[in-house]
Structure formats: C-alpha cells, structure tokens
Amino acid sequence: HYLYFTVDDIDEAIKRVVELGGEVEPMRPATEEWGAFVECRDNQGLAFGLHVPPKPKN
C-alpha cells in the first residue's frame, strides 16, 4: 500500500524526489477520471506516491 500526496505539478514533484535522493517508478498514463499517479521511494527506501487530481468537469 502507498500513502499518496496530492501535488499541483507532478513533474516538479518527481524532480524534487530525485534531487533528494529518492527513486521514482515509471509514471502511469494520466486519466480524465482519476488524474495522474506515480509511485516513489524516499532515500531510505520508504514507499509513497504522488497524485495530481483530475481537472474538474464543467
């Protein structure tokens, strides 16, 4: 199981994870229904995820 953190810009968040010594799994394609997700590990090997929610439908 992963604890997911909501971020505004997933590319910038991924860049920051790597800068801090973490690892990032390949990102799954974003969907209109669920948004974008990526799984990561911090520099001590602890798993977590990043999530950008989908844009609201008008």
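1. A quick word on terms before we start: a residue counts as buried when its relative accessible area is under 20%. Please also keep in mind that this is a predicted model.

2. With that cut-off in hand, let's look at histidine 51. Its relative accessibility is 14%, so histidine 51 counts as buried. The residue belongs to strand E4, which runs over residues 47-52.

3. What does histidine 51 touch, leaving aside residues up to four places away in sequence? The list comprises Tyr4, Phe5, Thr6 and Val7, together with Trp34, Ala36 and Phe37. Tryptophan 34 also offers a polar partner: a polar atom of the histidine 51 side chain sits 3.0 Å from the backbone oxygen of tryptophan 34.

4. Now for the chain as a whole. The protein chain has four strands and one helix, and their order along the sequence is β-α-β-β-β. Its C-alpha trace spans about 40 × 25 × 15 Å along the principal axes.

5. On packing, 28% of the 58 residues in the protein chain are buried. Among contacts with a separation of 6 or more, 41% join residues 24 or more positions apart.

6. The surface and charges may interest you too. The protein chain has an accessible surface of about 4,700 Å², with 54% of that belonging to carbon and sulfur atoms. There are 6 positive and 11 negative charges, and the mean positions of the two sets lie 2 Å apart.

7. Finally, the record: an unreviewed UniProt entry carries the annotation "domain: VOC" for residues 1-53. In the model, that stretch is 19% helix and 32% strand, and its end C-alpha atoms are 19 Å apart.

Definitions and conventions: Residues numbered from 1 in each chain as written. Predicted model: local features only at pLDDT ≥ 70, side-chain atom pairs only at ≥ 80, totals over all residues. Heavy atoms only, no water. Helix = DSSP H or I, 4+ residues; strand = E, 2+ residues; numbered from the N terminus. Buried < 20%, exposed > 50% of the residue type's maximum accessible area, 1.4 Å probe, protein only. Contact = heavy atoms within 4.5 Å. Areas by Shrake-Rupley, 256 points an atom, 1.4 Å probe, with all protein chains shown as cover. Lys, Arg positive; Asp, Glu negative; His and termini not counted. Charge placed at Lys NZ, Arg CZ, Asp CG, Glu CD. UniProt positions renumbered as here; feature names shortened; annotations may be inferred. Polar contact = N/O pair within 3.5 Å; in protein donor to acceptor, adjacent residues only side chain to side chain.
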